[in-house]
Amino acid sequence: MKLFTRCLFLLTLLFSLPVLADYTLGTGDFVKVTVYGDAELTREIRIAENGILTFPLIGEVRVGGLSSVEAEKKIAEQLQRGGYIANPQVSVVVIQFLSKTVSVLGGVLKPGRYPVTRPSDVKDMIAEAGGITPEGSEIVTVVRGDKRSEFDLYDVINQHANDDITVVGGETIYVGSRDVAVVGQLLRPAKYGIQGGMRKISDFISVAGGPNENAGEVMFYTTSISGSPVTEQINIDELFKSPNSAQNKQVYPGDVLYVPKAPQVYVYGEVQRPGMYKIDKNMTVMQAIAKAGGLTIRGTQRSVKLHRKDERNEVIKQTPSLTSVLQDEDVLYIEESLL
C-alpha cells in the first residue's frame, strides 16, 4: 500500500508539472510546495520581493531565479541537511505566474500589462486585453528581447502557426491597426486592418468599394516585407478574373495599394457634351468624339484639331486622323464648320 501511494504521488507530481518546464520563479509567484508523506508541510506560498519563500522547519529559502525543479531540489536538500526528513520528496508547482507580465499594445480594447498566471500563448494574452478592435489587424508582432516575430492570428486560432506562440513573461505583443493603405481612384479609399479573412490584394480593393469611374486599368502594389520597398504593376481586370493567380498576393502591414487615375482627354468645341473623358485602352479620336455625344450640326470631322504635349512639355497643334490613338492629357477641339 505504501509503495502504491508513493507511485501515486510521483505520478501526481509528474502530471502536475507546469507546461513551461523552463519557467523561472520570481517575485510575486504563488507556489504550492508539497512534501511526500507529510501533509502538514504542504504550503501555498507567495515568493517575496527578495525572491525568498519561508518554509516550515528550514525557514527562508531563496528560490527566485530558480526553475521549479531546482527549487524542489534546494528545499529537499535543506530538509535533509537539517535532519528533519531522511529522504524528502518535494514538489513545487506554480499556482500563479505573477512575476511575469506581458505588455499588450495597439489595436486591442484594453491595452496594458497582464500577468502570465498560467501557461499562455499569444491569443490568450490578446483575449486578456479584451480582444482586437474593429480597426485592429490580425497580423500581430511579438517582441522577445531583441527578436521580433509576426503571427497571423487566423493561423494561431486554427492551430496552423509554425512558430512558438507561447508567452512566459517579458514579451510585448503589438496589434497594428488600419495598417494597409488602399488609396487612389476607389469608392472608399482608406486604411484597412488585416482581419476577417482579408489577406489578398483583391480583398482590399473590394472592401474599398472597387475602382471608381476615373480609375485606370492598372494599379500599383508596394510592399516592404523583404526589408526594402518593392512596387509591382497589376492589371485590375485580370486580378479579379483570376483571383487565384500569383499576382493576387498576400498583403502585409504597411503595404500600399494605389489605383491611379486613368489617362484623360478633354474634348470641347462643336460636340454635344464637352468635357473631360477617360481614355480607354487604344481609344481613338473618333471614339472620343462619340463619348462626347457626337458632333453638333455646326461641327465636322474635317475640323478636328489635336493639342498634344511633346517631350519638352510644349503643346503642339495637330490635325489627327479619326483613327489616331489618344494619349493622356490630349485636348481635342472641334472647330465650327464654315460651310
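The legends below describe close-up views of a predicted model. Local features are given only where pLDDT is at least 70 and side-chain atom pairs only at pLDDT 80 or more, while totals for chains, interfaces and linings use all residues. Residues are numbered from 1 along each chain as its sequence is written, and side-chain values use heavy atoms, with hydrogens and water left out.

**View 1. Helix α2, residues 68-81.** Helices (H or I, at least four residues) and strands (E, at least two) are DSSP runs, numbered from the N terminus. The end C-alpha atoms of α2 are 20 Å apart, which agrees with the 20 Å expected of 14 residues at 1.5 Å a residue; the expected span is 1.5 Å times one less than the number of residues. Ser68, Ala71, Glu72, Ile75, Ala76, Gln78 and Leu79 are buried. These buried residues line one face of the helix, because they fall within an arc of 165° seen down its axis; the arc is that of the directions from the helix axis to the C-beta atoms. Lys73 and Arg81, on the other side, are exposed. Buried means under 20% relative accessible area, exposed over 50%, and partly exposed in between (1.4 Å probe, protein chains only). Gly83, just after α2, has a positive phi of about 80°.

**View 2. Arg308 in strand β20, residues 299-309.** Arg308 is buried, with a relative accessible area of 14%. Its side chain makes a polar contact of 2.6 Å with the side chain of Asp330. A polar contact is a pair of N or O atoms within 3.5 Å; within protein, one must be able to donate a hydrogen and the other to accept it, and residues adjacent in sequence count only if both atoms are side-chain atoms. Leaving aside neighbours within four places in sequence, the residues in contact with Arg308 (heavy atoms within 4.5 Å) include Val315, Ile316, Val325 and Leu326.

**View 3. An open sheet of five strands.** The order is β14-β13-β17-β15-β16, with mixed pairing. β14 (190-192) and β16 (230-235) stand at the edges with a single partner strand each, so one side of each has no neighbour in the sheet. Strands β15 (residues 218-223) and β17 (residues 256-259) pair in the antiparallel sense over three bridges; pairing requires at least two bridges found by DSSP. Phe220 stands opposite Tyr258 in β17.

**View 4. Two loop residues, Asn282 and Asn313.** Most residues other than glycine have a negative phi. Asn282, in the loop between β19 (275-278) and α7 (285-291), has a positive phi of about 60°. Asn282 is exposed, at 55% relative accessible area. Asn313, in the loop between β20 and β21 (315-318), has a positive phi near 65°. Asn313 is also exposed, at 54% relative accessibility.
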